[in-house]
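Please open the structure in your viewer and keep the selection tool at hand. The tour moves from the whole chain to a few aromatic side chains.

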Amino acid sequence: MGPKLEIAQSTHSLEELAPIVSEYSSSRLLERRQLFGGYSGSNYRVDLEDGSTYVLKVTNGYSNEHAELMCRTAHRLGVGGYKECCLPIQRRDAPATEEDDDDDGDGDGEDAAAYRFVSTKEKHGEPAFLLTFVEGMQADKVIRERPPRVAANVLKGIGGGLARMHAAAGMTREEAQDSGLRWYEKDGGCCDVQDQVDGKVLATIEQCEEIAGHEFVPFYKKELDLLRREMKTSAADIVIGITHGDPFADNILVNGETGDLSAFIDMEDVCVGPLLFDLTCCAIGCCFSDSEDPDAQKLDMQFFGALLEGYCTNRKLPLFEQ
């Protein structure tokens, strides 16, 4: 795992952020500091006069409705008692209940006052929202730079935290489709597994002259056939719940000295989807050895074992997932 490139797509002054923050708190915004590391948004630490600290995220390129779905899904984790992620803060004038969100009842959410979490006051009209703030270091940095025992503790903590997330809001497929939350089959997220099944990723690959003839493509097609077959024949066995969607080590904060889990961050891919895909994505994003040579990278079995130990201690894998 290499270090994450530090990118922010836009910059906002204190004066430009103040109207957004005012939708969530009556306390005056005193300071703001840009937090680098995201690709799909611009993040700021914001310190308020009452001593509170939050993260303000501007989600570049998303619609208000999409951002609201993300926030509602993450909020459901908090309702289920899960606190090991940055959770969205409701706007002060948010509807009292979810049923009150859409005045005309058609679910389109076009009225800005209907959004429970999203602010529409960003200078370019990009959706923005406020999140709880958590201290910590990016897990990938701690894994690279700390002794092996600390790195193993990082992986064990990540596994445990992910399992608790998965256990916080379990639901059936029918319940998920009627939940009003972000559903992976139609709204994206969950490692983009539905885009794989629907052939969107393959179409993008085949349209790119630089990679269409790569030796990876026949392998991918074979694995895609297997994925489609399993998703169709095993639908009844796939356990559904809220997934992070992108649980790579650079999207996780930990204690820099002990490696203990602080929080999962960057929840843009959060959705209701197959839990097994989230765990697999986490293993891919956390358990491969660090090397500049892609051909030299391999699954670190000590890291993988620590991840599974942490996970299975907090959520027993059903037989199908094993």
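What follows is a short walk through a predicted model, one selection at a time.

Begin with the whole chain in a cartoon view, where you can trace 11 helices and 9 strands. Of the 322 residues in the chain, 48% are buried, and the chain exposes about 15,700 Å², with carbon and sulfur atoms supplying 50% of that area. If you look at contacts with a separation of 6 or more, 69% of them in the chain are between residues 24 or more positions apart.

Now turn to the aromatic rings, for which a search of the whole structure finds 3 aromatic pairs. Select W183 and Y184, which form an edge-to-face pair with 4.9 Å from centre to centre and 70° between the planes; both W183 and Y184 are buried.

Next, select F216 and F219, an aromatic pair that is tilted, with centres 5.9 Å apart and planes at 50°. Show helix 9 (residues 216–233) as well, because F216 and F219 are 3 residues apart in this helix and are therefore separated by about one helical turn. Are these two rings buried or exposed? F216 is partly exposed, at a relative accessible area of 40%, and F219 also counts as partly exposed, at 48% relative accessibility. Add Y220 to the selection, and you have one aromatic cluster made up of F216, F219 and Y220.

For the last stop, select R45 together with F133, where R45 lies over the face of the F133 ring, at 4.8 Å from the ring centre.

Notes
Residues are numbered from 1 along each chain as its sequence is written. This is a predicted model: local features need pLDDT of at least 70, side-chain atom pairs count only at pLDDT 80 or more; totals for chains, interfaces and linings use all residues. Side-chain values use heavy atoms; hydrogens and water are left out. Rings of Phe, Tyr and Trp (its six-membered ring) pair if their centres lie within 6.5 Å; planes under 30 degrees apart count as stacked, over 60 as edge-to-face and the rest as tilted. Buried means under 20% relative accessible area, exposed over 50%, partly exposed in between (1.4 Å probe, protein chains only). Helices (H or I, at least four residues) and strands (E, at least two) are DSSP runs, numbered from the N terminus. A charge sits over a ring if NZ of Lys or CZ of Arg is within 6 Å of the ring centre and within 35 degrees of the ring normal. Contact means heavy atoms within 4.5 Å. Accessible areas come from the Shrake-Rupley method with a 1.4 Å probe; for residues, only the protein chains shown count as cover.
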